[in-house]
Amino acid sequence: MTGKPKKKKSAPDSFKDRAYRKIIAADNLVATEIKVRETDLHILAARDLTREATHLVVQYRNQLEQYIATHAKFLTSLLPVPFDNLAPPIAKDMMRAGAAAQVGPMAAVAGAIAEFVGKGLLTHEINEIMVENGGDIFLQKKNNCTVSIFAGDSPLSYKVGLAIPSRQMPLGICTSSGTVGHSLSLGSADSVTVLAPSTSLADAVATRLGNEIIKADDINRALGVAKSIPGIIGAVIIRGDQLGAWGDIELVGLDD
């Protein structure tokens with residue numbers, strides 16, 4: 001399983017080195033990092049979850065890899081694939097997300113892994129969890145929190161955040177970029193952040209909206225696409241010094 005198709009563009013050091021993880025407020029939670037081949041998770045919870053999280057990552061990666069071994073288009077298609085009732089649950093979730101966003105199922109892989117691992121960990125007497133997978137987040141917390149938006153070299157990077165109320169959690173918060181990272185994007189947005197109860201859906205839609213952004217004038221059109229997709233709470237798009245937002249979200253300014 002190779003994850004989302006690679007693109008030939010170097011990522012800023014702050015992304016390649018996962019430096020953004022160092023500025024996450026742990027709130028007395030224990031940080032765990034899990035790396036299994038392409039999967040690289042940062043987890044915050046009440047205790048160290050290395051053993052449990054590693055088991056879940058291996059479990060879900062194996063399910064996907066075995067499915068891909070006999071369904072190659074699941075890995076390579078940039079468009080939705082026919083739904084397969086015999087696929088494992090995580091693959092079905094990715095198919096549904098891809099169909100809703102009109103992208104291939106692998107556009108949802110990072111969000112799906114984050115969500116399935118996060119929900120699995122919540123069964124281990126854990127009531128708060130954050131699982132971050134390359135900028136895609138599954139979040140369950142008891143209190144309100146703020147999520148900062150990393151937008152590469154944009155002057156708005158780390159200057160804008162989202163106030164997340166506890167009523168919206170568990171929540172998927174996923175970011176796609178045409179200028180940061182290795183995931184395939186056909187656009188040039190510095191960041192497209194999507195919120196949805198389904199982290200898989202948020203991931204797939206972030207990819208879809210990112211594909212729509214070639215220039216700053218495309219932001220409103222892309223937000224129109226977001227409005228048309230059921231299950232999306234909101235979206236924030238940044239390109240250069242331009243920002244557009246839609247949905248049940250609250251933007252907050254962040255100090256340097």
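Trainee: What is the bridge partner of Thr 193 in strand 9?

Mentor: The bridge partner of Thr 193 there is Val 236. As background, strands of a sheet pair through backbone hydrogen bonds, either parallel or antiparallel. Here strand 8 and strand 9 run antiparallel and are joined by five bridges. Two strands count as paired if DSSP finds at least two bridges between them. The strands (E, at least two residues) and helices (H or I, at least four) are DSSP runs, numbered from the N terminus.

Trainee: What kind of model is this, and how are its residues numbered?

Mentor: It is a predicted model, in which local features need pLDDT of at least 70 and side-chain atom pairs count only at pLDDT 80 or more, while totals for chains, interfaces and linings use all residues. Residues are numbered from 1 along each chain as its sequence is written, and side-chain values use heavy atoms, with hydrogens and water left out.

Trainee: What is the mean pLDDT of the protein, and which elements have the lowest and the highest values?

Mentor: pLDDT is the predictor's confidence in each residue, from 0 to 100. The protein has a mean of 88, and 85% of its residues reach 70 or more. Among its elements, helix 4 (residues 89–101) has the highest mean, 98, and helix 1 (residues 13–16) the lowest, 48. Residues 2–11 have pLDDT below 50, and this stretch makes 33 contacts in the model beyond near neighbours in sequence. A contact means heavy atoms within 4.5 Å. Residues 19–23 also stay under 50; the model gives them 14 contacts beyond four places in sequence.

Trainee: Back to Thr 193: is this residue buried or exposed?

Mentor: Buried means under 20% relative accessible area, exposed over 50%, and partly exposed in between, using a 1.4 Å probe and protein chains only. Thr 193, placed in strand 8 (residues 191–196), has a relative accessible area of 2%, so it is buried. Leaving aside residues up to four places away in sequence, Thr 193 touches a set of residues including Ile 149, Leu 162, Ile 173 and Ala 235. Its side chain also makes a polar contact of 2.9 Å with the side chain of Thr 175. A polar contact is a pair of N or O atoms within 3.5 Å; within protein, one must be able to donate a hydrogen and the other to accept it, and residues adjacent in sequence count only if both atoms are side-chain atoms.

Trainee: How many strands form the open sheet with strand 8 in it, and in what order?

Mentor: Eight strands form it, in the order 1-2-3-4-7-8-9-10, with antiparallel pairing. Strand 1 (30–36) and strand 10 are the edges; each has a single partner strand, so one side of each lacks a neighbour in the sheet. Neighbouring strands are turned by 10° against each other on average, direction ignored. Strand 9 (residues 234–239) pairs with strand 10 (residues 242–247) over six antiparallel bridges, and Ala 235 stands opposite Trp 246. Two residues lie between the strands of this hairpin, where Gly 240 takes a positive phi near 65°.

Trainee: Which strands does helix 6 lie across?

Mentor: Angles run from 0 to 180 degrees between N-to-C directions, and axes are lines fitted to C-alpha atoms, for helices over the stretch in contact. Helix 6 lies across strand 4 (136–140), strand 7 (171–176), strand 8 and strand 9, at about 25° to strand 7. Helix 6 (residues 199–212) also packs with helix 4 at an angle of about 35°, the axes being 8 Å apart. Helix 7 (residues 219–227) lies across strand 9 and strand 10, at about 20° to strand 10.

Trainee: Which residues of strand 6 are on each of its faces?

Mentor: In a regular strand the side chains alternate between the two faces of the sheet. Val 160, Leu 162 and Ile 164 are on one side of strand 6, and Gly 161 and Ala 163 on the other, all buried. Five of the five residues of strand 6 are buried, so this strand is largely enclosed by the rest of the structure. Strand 6 belongs to an open, antiparallel sheet of three strands, ordered 5-6-11. Within strand 6, Leu 162 stands opposite Val 147 and has Leu 251 in strand 11 as a bridge partner.
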